[in-house]
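Colleague: Could you take me closely through the larger architectural unit of this model, and show how the pieces around it fit together? I would welcome one connected account rather than a list.

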Amino acid sequence: MRFRRRALWSAVLAILILTVAARQPVEGVAQEASGILLRDVLIVDGTGTLPYPGELLIVGDEIAAVGPAGSLDVTGDVHIENLSGLMLAPGFIDIHNHSDNGILNQPSAEALISQGETTIIVGPDGGSAWPIADYLNRIESTRPAVNVGTLVGHGTVRRAVMGDDYRRTATPAEVQAMATRVDRGMREGAFGLSTGLEYDPGFYSDTEELIELSKVAAAHGGFYMSHMRDEEEGVMDAIAEAIQIGREANLPIQISHIKMGNASVWGGAAKALEMIRQARATGVDVFADWYPYQAWASSLNIVVRSRRFTDPEEVAAGLEAMGGADRLQITNYPPDRSVEGKRLLEIAQSKDLTPVEMYIQMMRAGGASVIGHTMDKGDVDTFAASPLVMVASDGGIGSAHPRGAGTFSRMLGHYVREEGILPVERAVYKMTSLPARRLGLTDRGRIVAGAKADLVAFDMATVSDSSTFEESSLLSVGIERVWVNGQLVWSEGAATGTRPGRPLRPR
Ligand SMILES: [Zn+2]
């Protein structure tokens, strides 16, 4: 009796499975589903293959079917949307985003969705929320417009262990205590370990400490993402250190916002890429990310590598290496808001000081945030074209740098359409499946049946960033529709108010 019942159940299950199988996306096969059919659109599927005229069916939060134009025969309760003249890509994945708090305070995230971002990874540069589980729970209850994952910050755990006594090498016991925290962060859902080695307290860590902690991330299948020690004179050594960590801790490496940061290393982009290529050839899974601007944003202290911020000779050398005080634009200086937006040279002249004196005065008053217009177009363009370099904003909601609101639209408008540096399918690859691969996300970053329906429809003729170094929060144009988990979040220049984003954890 029992056996027969089981047999009966097996038969029922088999029929169910066959029914489901028959509804799988097969070209030309009739579909009965309630969903959204996107038609008459050029599909750029994220893998780097050429765009093709196609159509796509969203059911629930997934791409139920996709195929060439006219191939899907869908019946039933389906809302049809014609997207003629537009391209349809996977939603853009920003693997280096600083909206850790911004996304909680402003979950509608217009600055992100208006440029086509559907997933952000926060906790970069060594600084993350803590504990990771609490943060992801807050994302869950806040329900932002985009999906959010996080890294565990090396600086965060180092500060927790060493307190204010961090300006030294950590003891083995301290490294062990940090490792315990990295382990907890990874178990609670972090995608990897991030470092910020130009900042406190990461600056004082040695390579051994980073290797030990990376081994913990590796044990959980995570990766190591680094704002390296040096992006200027010592950038090649810094890349070599990142690769060494990958080799010795046996985990994937992500070099954050790769750049040739000042005049002393201009022209070095090809060499940096060659180092990455060679490392990959010898088994270290290293990629980099990059934002599409010739200027960086950081704190004023990175100008003086020795950290002797009040030594006039050191300051003079630092300013010279940056290409002069006219290249440094102060963006945040609480003691005197009137200088914000101006260049250091101009500020000094207005106060009858030399740039060196002005710099020292500002550092004594607590320092400032700065945008450094110190990169060479040739290097930036070389990284733009490379398949080893994904696109990431290093910005977020409320950024003083235009990259926060304009990175992904600028990649399409400026680098693809205006400059012709790479074709659209390769740009989309660098914004979708490449970051998804680094994160181990198998259900996002590509347009394929069964993937989550994170999608962006854009007009290649008009897509453009609007944000500038003067007005950094202006929203992009030409991003016509954005769906997150199957729901429309951005349409014709405005947020729909729907917020279907989820916390993401590694699989
Ligand atoms: Zn950084």
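Modeller: The protein is divided into domain 1, which takes in residues 92–294 and 375–495, and domain 2, which covers 297–372. This is a predicted model, and the account below keeps mostly to domain 1. Taken over C-alpha atoms, the centres of domain 1 and domain 2 are separated by 27 Å. Ten residues from domain 1 and eleven residues from domain 2 make up the contact, and on the side of domain 1 that touches domain 2 the residues divide into three nonpolar, three polar and four charged.

The sheet is a good place to start. It is an open sheet of six strands in the order 11-12-13-14-15-19, with parallel pairing. Its edge strands are strand 11 (152–153) and strand 19, each of which pairs on one side only. At the strand 19 edge, strand 15 and strand 19 run parallel and are joined by three bridges, and W290 stands opposite V391 in strand 19. As background, strands of a sheet pair through backbone hydrogen bonds, either parallel or antiparallel.

Helix 13 (residues 377–385) belongs in the picture of this edge. Its buried residues are D379, V380, T382, F383 and A384, and they pack against helix 9 (269–281), strand 15 (286–290), strand 19 (389–391) and helix 14 (403–418). The buried face of helix 13 therefore meets both of the strands that are joined by those three bridges, as well as two helices.

Helix 9, one of the partners of helix 13, also holds A279. Why does A279 count as buried? It does so because 20 other C-beta atoms lie within 10 Å of its own, and 20 is the number at which a residue begins to count as buried. Leaving aside neighbours within four places in sequence, A279 is in contact with I243, V284 and V286. The C-alpha atoms of A279 and G246 are separated by 9.4 Å, although the two residues are 33 residues apart along the chain.

The nonpolar interior can be followed from here. The largest nonpolar core has 155 residues, and those with the most contacts inside it are M87, L88, V182 and A217. Helix 8 (residues 235–249) gives the largest share of this core, seven residues. Domain 1 and domain 2 both give residues to the core, so it lies between them. Of the residues with the most contacts, A217 touches V182, M186, G192, L193, G222, F223, Y224 and L251, leaving aside its neighbours within four places in sequence. In soluble globular proteins, nonpolar side chains tend to be buried together.

Several loops deserve the same attention. The loop between strand 9 (117–122) and helix 4 (132–142) holds D125, and P131 lies in that loop too. D125 counts as buried because it has 25 C-beta neighbours inside 10 Å, and, not counting residues up to four places away in sequence, D125 touches S194, G196, Y199, H227 and S256. Further along this loop, the peptide bond from W130 to P131 is cis, with omega near -5°. A cis peptide bond is also found from D200 to P201, again with omega near -5°, and P201 is placed in the loop between strand 12 (192–196) and helix 7 (207–219).

Two residues other than glycine take a positive phi, and their surroundings can be set side by side. N485, in the loop between strand 21 (479–484) and strand 22 (487–491), has a positive phi of about 50°, and N485 is buried because 21 other C-beta atoms lie within 10 Å. D352, in the loop between helix 11 (344–350) and helix 12 (355–364), has a phi near 60°, but D352 counts as exposed because it has 8 C-beta neighbours inside 10 Å.

Outside the bounds of both domains, strand 3 (residues 52–59) and strand 4 (residues 62–68) run antiparallel and are joined by six bridges. The bridge partner of L56 in strand 4 is V66. The hairpin of these strands has two residues between them, and there G60 takes a positive phi near 65°.

Key:
Residues are numbered from 1 along each chain as its sequence is written. This is a predicted model: local features need pLDDT of at least 70, side-chain atom pairs count only at pLDDT 80 or more; totals for chains, interfaces and linings use all residues. A residue is buried if 20 or more other C-beta atoms lie within 10 Å of its own, exposed if 12 or fewer, and partly exposed in between; C-beta atoms are placed from the backbone. Helices (H or I, at least four residues) and strands (E, at least two) are DSSP runs, numbered from the N terminus. Two residues are in contact if their C-beta atoms, placed from the backbone, lie within 7 Å. Two strands pair if DSSP finds at least two bridges between them. Domain bounds come from an automatic or database domain assignment. Ala, Val, Leu, Ile, Met, Phe, Trp, Tyr, Cys and Pro count as nonpolar, Asp, Glu, Lys and Arg as charged, and the others, Gly among them, as polar. A nonpolar core is a set of buried Ala, Val, Leu, Ile, Met, Phe, Trp, Tyr and Cys residues joined through C-beta atoms within 7 Å.
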